[in-house]
Amino acid sequence: MLGGADGRTLYITAAEWRGFENMVGDARTGQVLGVVAPAPGAGWPSYASGTR
């Protein structure tokens, strides 16, 4: 998902994959990553319209 004040931050959710047999367990490896995208607000909803 693109977000941030200028629509240039790409947010990614990720978790360590340990296989189907370990999908239910106590390990909590989830995280949210953010990287700068080369273009603001690509896709829908449009950041160019001024509405978010």
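# A three-strand sheet with little buried

Of the 52 residues in the protein chain, buried ones make up 13%. This is a predicted model, and its protein chain has zero helices and three strands. Going along the sequence, the pattern reads β-β-β. Those strands form an open sheet, and a single salt bridge and a single aromatic pair turn up when the whole structure is searched.

**How the sheet is put together**

- The strand order in this open, three-stranded sheet is β1-β2-β3, and the pairing is antiparallel.
- The edges belong to β1 (2-3) and β3 (31-36); each has a single partner strand, so one side of each has no neighbour in the sheet.
- As for burial, zero of the six residues of β3 are buried, so this strand lies largely in the open.
- In a regular strand, side chains alternate between the two faces of the sheet.

**The β1 and β2 hairpin**

- Two bridges hold β1 and β2 together, in the antiparallel sense.
- Gly3 has Thr9 of β2 as its bridge partner.
- Five residues sit between the strands of this hairpin, and Gly4 takes a positive phi near 90° there.

**The β2 and β3 pairing**

- Strand β2 covers residues 9-14 and is joined to β3 by six bridges, with the two running antiparallel.
- What does Leu10 pair with in β3? Its bridge partner there is Val35.
- Further along, Ile12 has Leu33 of β3 as its bridge partner, while Thr13 is matched with Val32 of β3.
- Leu33 belongs to strand β3, and its relative accessible area of 35% makes it partly exposed, because that value falls between the 20% and 50% cut-offs.
- Leu33 also has Thr13 across from it in space: the two are 20 residues apart in sequence, yet their C-alpha atoms are 6.3 Å apart.

**The loop between β2 and β3**

- Ala15 is found in the loop between β2 and β3.
- Is Ala15 buried or exposed? With 54% relative accessibility, Ala15 counts as exposed, since the cut-off is over 50%.
- Ala15 and Gln31 are 16 residues apart along the chain, with 6.3 Å separating their C-alpha atoms.

**The aromatic pair**

- How many aromatic pairs does a search of the whole structure find? The search comes back with one.
- That pair is Trp17 with Phe20: the ring centres are 5.2 Å apart and the planes stand at 90°, so the arrangement is edge-to-face.
- The cut-off behind that label is a plane angle over 60 degrees.
- Two quantities describe any pair of aromatic rings, namely the distance of the centres and the angle of the planes.
- Both partners are out in the open by the accessibility numbers: Trp17 counts as exposed at 57% relative accessibility, and Phe20 is exposed too, with a relative accessible area of 65%.

**The salt bridge**

- Searching the whole structure for salt bridges gives one.
- Which residue does Arg18 bridge to? The partner is Glu16, and the closest N and O atoms are 3.2 Å apart.
- That distance is within the 4 Å limit, so the contact qualifies as a salt bridge.
- Arg18 counts as partly exposed at 38% relative accessibility, and Glu16 is likewise partly exposed, with a relative accessible area of 48%.

**The largest pocket**

- The largest pocket holds about 230 Å³ of space.
- It is lined by 13 residues, and those closest to the pocket centre are Glu16, Arg18, Asn22, Met23 and Ala27.
- Both members of the salt bridge, Glu16 and Arg18, are therefore among the residues closest to that centre.
- By class, the lining of the largest pocket is a mix: five nonpolar residues, four polar and four charged.

Conventions:
Residues are numbered from 1 along each chain as its sequence is written. This is a predicted model: local features need pLDDT of at least 70, side-chain atom pairs count only at pLDDT 80 or more; totals for chains, interfaces and linings use all residues. Side-chain values use heavy atoms; hydrogens and water are left out. Two strands pair if DSSP finds at least two bridges between them. Helices (H or I, at least four residues) and strands (E, at least two) are DSSP runs, numbered from the N terminus. Rings of Phe, Tyr and Trp (its six-membered ring) pair if their centres lie within 6.5 Å; planes under 30 degrees apart count as stacked, over 60 as edge-to-face and the rest as tilted. Buried means under 20% relative accessible area, exposed over 50%, partly exposed in between (1.4 Å probe, protein chains only). A salt bridge is a side-chain nitrogen of Lys or Arg within 4 Å of a carboxyl oxygen of Asp or Glu. On a 1 Å grid over the protein atoms alone, a cavity is a set of points where a 1.4 Å probe fits but cannot get out, and a pocket is an open set with protein on both sides within 12 Å along at least five of seven lines; lining residues have an atom within 4 Å of a point. Grid points are joined across faces, edges and corners, and a volume is the space filled by probe spheres set on the points. Ala, Val, Leu, Ile, Met, Phe, Trp, Tyr, Cys and Pro count as nonpolar, Asp, Glu, Lys and Arg as charged, and the others, Gly among them, as polar.
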